[in-house]
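Student: Hello! I am new to this structure and would like a close look at a single part of it. Could you walk me through it once we have it in view?

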Amino acid sequence: MSGQSDESTPARAGTGVPEAAPAGHDENIRTANGADSTSSPGTGQTAADRQPAVGSGREPGQVSHDEEPHAAFRRFMATSWAPQDNALPSRDDCAPYAAKRRALLGARFPTDALVVPTGGLRVRANDTDYPFRPGSDFFWLTGCHEPDAVLVLLPNAAGEHQTTLYVPGRSDRSSSAFYADRRYGELWVGPRPGVRETQAALEIECRPLSELADALARLAPRNTRVLRGIDPLVDRSVLRWSAGGSTVDRDAQLAQALSELRLVKDDHELLALDEAVAATVRGFTECVGEIGHAMTLPNGERWLEGTFWRRARVDGNDVGYGSIVACGHHATTLHWVRDDGPVRAGELALLDMGVEGRSLYTADVTRTLPITGRFTPVQKKVYDVVLRAQQAGIEAVRPGASFLAPHRAAMRVIATALEDWGLLPGGAQASLSDDPQAPGAGLHRRYTLHSTSHMLGLDVHDCAQARDEAYREGTLTAGMVLTVEPGLYFQPDDLTVPPELRGIGVRIEDDILVTSHGRRNMSTALPRTAEEVENWMGQHLSN
């Protein structure tokens, strides 16, 4: 995705601390493990007989037209279920890595309590929700996929932290929630792990979410840091602290530390990224095979978008970001995500897409393809410049280099080509000046607006809360993963360029791992040179 290192993924709002529990989740009638305190299925009158399911799981303004279950039905639903399978899951592969990450974070703040929520479900329309994805920082620390959970790290005298993960109980046959709660009940959404299951899989001490409010109330704001903007109820439960009018934002320091720790990937993360890239390569190949059919549709971009999305859902969790399928002059719009245009012979298709794997790490790859399988001479002229720029950027990736080194190397190639084509009146050297006020400075950016690189990981624009000195102005280190993605975009109405260039947009993007001795192109399985692209397409284009 076009490199803009200051972008970040919006945080998801959550519902981590229960205020008024909906029917089926009334914590006043539930024990610590989530079961009704008054009875169990098959023992006569249950809490469900006294707790109507009105408004179950809904937020203000939402409406339901479900029939309310009467007492006889509730009694019937509480009986004659087979015993539950109480087998515990095996340890998740991420558990030891997440433990090391928590230790790294705790070492940054040895005397502070740290609160990191994941967020909750968000309403899409009335009584339907968007698919849930855990908060990236929370997931990095836990590996937990469940909504509403909150991680609390409490310091001890040894300078370490005691970890507690607060998670919801199961909405199973132990209470009426399994059929009365359309948001969490197992008959509505299927089984989910509870306290016991989560603790076994992640090797973290887990407690019921019903205990979180009391746990947060015991925290002193002056010694607590909260990852804010994710769960509004957690935000309200621990007040923001600023000592004596200090301008230091302690909570912002927590967010910065998390982003900066995530800059360097461990072995588990690199494996997840390799898997996401491999799935992305398969998705690109399948898109090429569908170009012929896409050309028969008035909105063939959508067909290619859907082809890739299917691969993302089969091999991973989802797409890592809104796929950019931009054909013809749409390729000159940097973030064209409408994907509703035609796929026409003789034009280029810019495909910027990435699979988000089951471990939530995402690839981010772009290829610009000739729709009929062969570049025209003018298309190849533009493509070859972008390819040379990208190669220069990739070769600039090495440990000890500045983060901006790939961008500067790529821009030198592009600015020089633009000068050769007569598009930079002041010349490439003036356009590349570090002084933005110098005559002719930055003119090349008219045709290549975005940055060349951004960090990649759990988010497509990863580690966005890191300080400039650790990221944009920082130094590349082994274990970092970044994109290299220069582009040239000649708008269809740009009178500064010759008519034959107008409407052509080209971007080439790969995911690059910084190694101890240089770099590794993680997406090298996809062809890059014009000749390689044409040969590859010839093998996969449908007849």
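Student: At what angle do helix α3 and helix α10 pack, and how far apart are their axes?

Tutor: Happy to take you there. Please keep in mind that this is a predicted model. Start by finding helix α3 at residues 95-108 and helix α10 at residues 250-261. The two pack at an angle of about 135°, and their axes lie 10 Å apart. Angles over 145 degrees would count as roughly antiparallel and those from 65 to 115 as roughly perpendicular, so α3 and α10 are oblique to each other. Their crossing is right-handed.

Now look at the residues that meet there. From α3 come Leu104, Leu105 and Arg108. On the α10 side, they meet Leu254, Ala257, Leu258, Glu260 and Leu261. Sorted by class, this contact has six nonpolar residues and two charged ones, with no polar residue.

Next, follow the chain to Asp112, which sits in the loop between α3 and β1 (113-117). Asp112 forms a salt bridge with Arg250, and the closest N and O atoms of the pair are 3.4 Å apart. Arg250 belongs to helix α10, so this salt bridge links distant parts of the chain, 138 residues apart. A search of the whole structure finds 36 salt bridges.

With the helix pair in mind, you can set it beside the strands elsewhere in the model. One open sheet has three strands in the order β9-β10-β12, with antiparallel pairing. Its edges are β9 (324-327) and β12 (365-370); each has a single partner strand, so one side of each is left without a neighbour in the sheet. The twist from one strand to the next averages 10°. Strand β10, residues 348-353, is joined to β12 by six bridges, and Leu350 has Thr368 in β12 as its bridge partner.

Another open sheet of three strands runs in the order β13-β16-β17, again with antiparallel pairing. Here β13 (481-484) and β17 (519-521) stand at the edges with a single partner strand each, so each has one side without a neighbour in the sheet. Neighbouring strands in this sheet are turned by 35° against each other on average, direction ignored. Three bridges join β16, residues 510-514, to β17, where Arg520 is the bridge partner of Leu513.

To return to your question, the angle between α3 and α10 is about 135° and their axes are 10 Å apart.

Notes: Residues are numbered from 1 along each chain as its sequence is written. This is a predicted model: local features need pLDDT of at least 70, side-chain atom pairs count only at pLDDT 80 or more; totals for chains, interfaces and linings use all residues. Side-chain values use heavy atoms; hydrogens and water are left out. Axes are lines fitted to C-alpha atoms, for helices over the stretch in contact, and angles run from 0 to 180 degrees between N-to-C directions. Helices (H or I, at least four residues) and strands (E, at least two) are DSSP runs, numbered from the N terminus. Angles under 35 degrees count as roughly parallel, over 145 as roughly antiparallel, 65 to 115 as roughly perpendicular and the rest as oblique. A crossing is left-handed if the near helix is turned anticlockwise from the far one by less than a right angle, and right-handed if clockwise. Contact means heavy atoms within 4.5 Å. Ala, Val, Leu, Ile, Met, Phe, Trp, Tyr, Cys and Pro count as nonpolar, Asp, Glu, Lys and Arg as charged, and the others, Gly among them, as polar. Two strands pair if DSSP finds at least two bridges between them. A salt bridge is a side-chain nitrogen of Lys or Arg within 4 Å of a carboxyl oxygen of Asp or Glu.
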